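Colleague: I have a fresh fold on my screen and would love to talk it through with you. Shall we take it piece by piece?

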Amino acid sequence: MNYEITKNLLNAISPYCDLTKTSVLTENTDYKGRLYQSDFVTIDEKNNVHFEVFDNEIIISYFTDHKHFEDYTFGLEEGEPNFVTRAIEFLVLLFNVSIYQIEVCKGNKLVYEKYYFVHPNKEEECVSGTIRHKLIFGFNPFARKSINVTIWKYDFKENCFTKY
């Protein structure tokens with residue numbers, strides 16, 4: 001591993017998920033095929049759950065969304081935890097709470113989706129921005145709107161996120 005932060009993240013989630021099938025890539029390529037160094041940790045490949053660690057940023061991907069944790073864009077407010085602590089908190093919640101995925105469709109085309117953490121006290125926390133999908137050919141603006149809700153939860157025995 002390139003970064004000590006990666007070990008901290010893995011240690012934080014080890015009580016909540018089975019890390020035996022976790023893979024870590026340390027040399028990766030960008031969209032142009034150029035090599036760069038990071039720690040790319042795949043936890044649940046089937047559901048696109050992974051995180052990537054850089055020297056000043058962590059990107060956590062889950063299902064069809066992702067979240068950036070960094071401190072360089074905006075300064076930290078007094079008392080606000082650093083990006084590593086925020087990423088650990090997010091990962092621990094990801095493996096411990098139910099996750100609602102809400103998809104809004106027009107006809108058979110996905111228009112947008114959102115993700116929510118559902119805490120044990122039933123409080124919902126939106127953890128994504130609105131993910132808008134490009135509607136290319138075949139979109140009918142007069143089509144019927146439908147909303148699909150999927151509830152995800154990490155299943156320790158299956159070592160993956162499953163739908164409920």
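**A walk through the predicted model**

Colleague: Let's start at the hairpin of strand 2 and strand 3: which residue takes a positive phi there?
Modeller: Happy to, and keep in mind that this is a predicted model. The hairpin has four residues between strand 2 and strand 3. Beside it, the two strands run antiparallel and are joined by five bridges, and D44 stands opposite V49 in strand 3. The residue with a positive phi, near 60°, is N48.

Colleague: And how many residues does the hairpin from strand 3 to strand 4 run through?
Modeller: Strand 3 and strand 4 also pair in the antiparallel sense, over four bridges. One bridge there has V53 and I58 as partners. The hairpin that joins these strands runs through three residues.

Colleague: Nice. Which strands are at the edges of the open sheet?
Modeller: The sheet has five strands in the order 1-2-3-4-5, with antiparallel pairing. An edge strand pairs on one side only, and that applies to strand 1 (23-29) and strand 5 (65-70).

Colleague: By how much are neighbouring strands of this sheet turned against each other on average?
Modeller: The five strands form an open sheet. Ignoring direction, the average turn between its neighbouring strands is 20°.

Colleague: Which residue in strand 5 does I59 stand opposite?
Modeller: Strand 4 (residues 57-62) pairs with strand 5 in the antiparallel sense, over six bridges. In strand 5, the residue opposite I59 is H68.

Colleague: Two helices pack on this sheet, so to speak; what angle does the direction of helix 2 make with that of strand 4?
Modeller: Helix 1 (residues 4-13) packs on the sheet and touches strand 2 (35-44), strand 3 (49-53) and strand 4, its direction making about 150° with that of strand 3. Helix 2 (residues 83-96) touches strand 2, strand 3, strand 4 and strand 5. Its direction and that of strand 4 make an angle of about 15°.

Colleague: Why are the buried residues of helix 1 on the same side?
Modeller: The buried residues are I5, T6, L9, L10, A12 and I13. They lie on the same side of helix 1 because the arc they cover around the axis is only 160°. Their cover includes strand 2, strand 3, strand 4 and helix 2. On the face turned away from the buried side, the exposed residues are E4 and N11.

Colleague: How many residues of strand 3 are buried?
Modeller: In a regular strand, side chains alternate between the two faces of the sheet. Here V49, F51 and V53 point one way and H50 and E52 the other, yet all are buried. The number of buried residues in strand 3 is therefore five of five, with buried meaning under 20% relative accessible area.

Colleague: Which element gives the largest share of the largest nonpolar core?
Modeller: That core has 30 residues, and those with the most contacts inside it are F51, I58, L94, F95 and F161. The elements giving two or more residues include helix 1, strand 7 (109-118) and strand 10 (145-155). I58 touches residues including I5 and L9, as well as F83, V84 and A87. The largest share of the core, seven residues, comes from helix 2.

Colleague: Last one: is P141 buried, partly exposed or exposed?
Modeller: P141 sits in the loop between strand 9 (131-132) and strand 10. Its C-alpha atom is 7.3 Å from that of K106, 35 residues apart along the chain. Because its relative accessible area is 46%, P141 is partly exposed.

Methods. Residues are numbered from 1 along each chain as its sequence is written. This is a predicted model: local features need pLDDT of at least 70, side-chain atom pairs count only at pLDDT 80 or more; totals for chains, interfaces and linings use all residues. Side-chain values use heavy atoms; hydrogens and water are left out. Two strands pair if DSSP finds at least two bridges between them. Axes are lines fitted to C-alpha atoms, for helices over the stretch in contact, and angles run from 0 to 180 degrees between N-to-C directions. Contact means heavy atoms within 4.5 Å. A nonpolar core is a set of buried Ala, Val, Leu, Ile, Met, Phe, Trp, Tyr and Cys residues joined through side-chain atoms within 4.5 Å. Buried means under 20% relative accessible area, exposed over 50%, partly exposed in between (1.4 Å probe, protein chains only). The arc is that of the directions from the helix axis to the C-beta atoms. Lists of a residue's contacts leave out its neighbours within four places in sequence.
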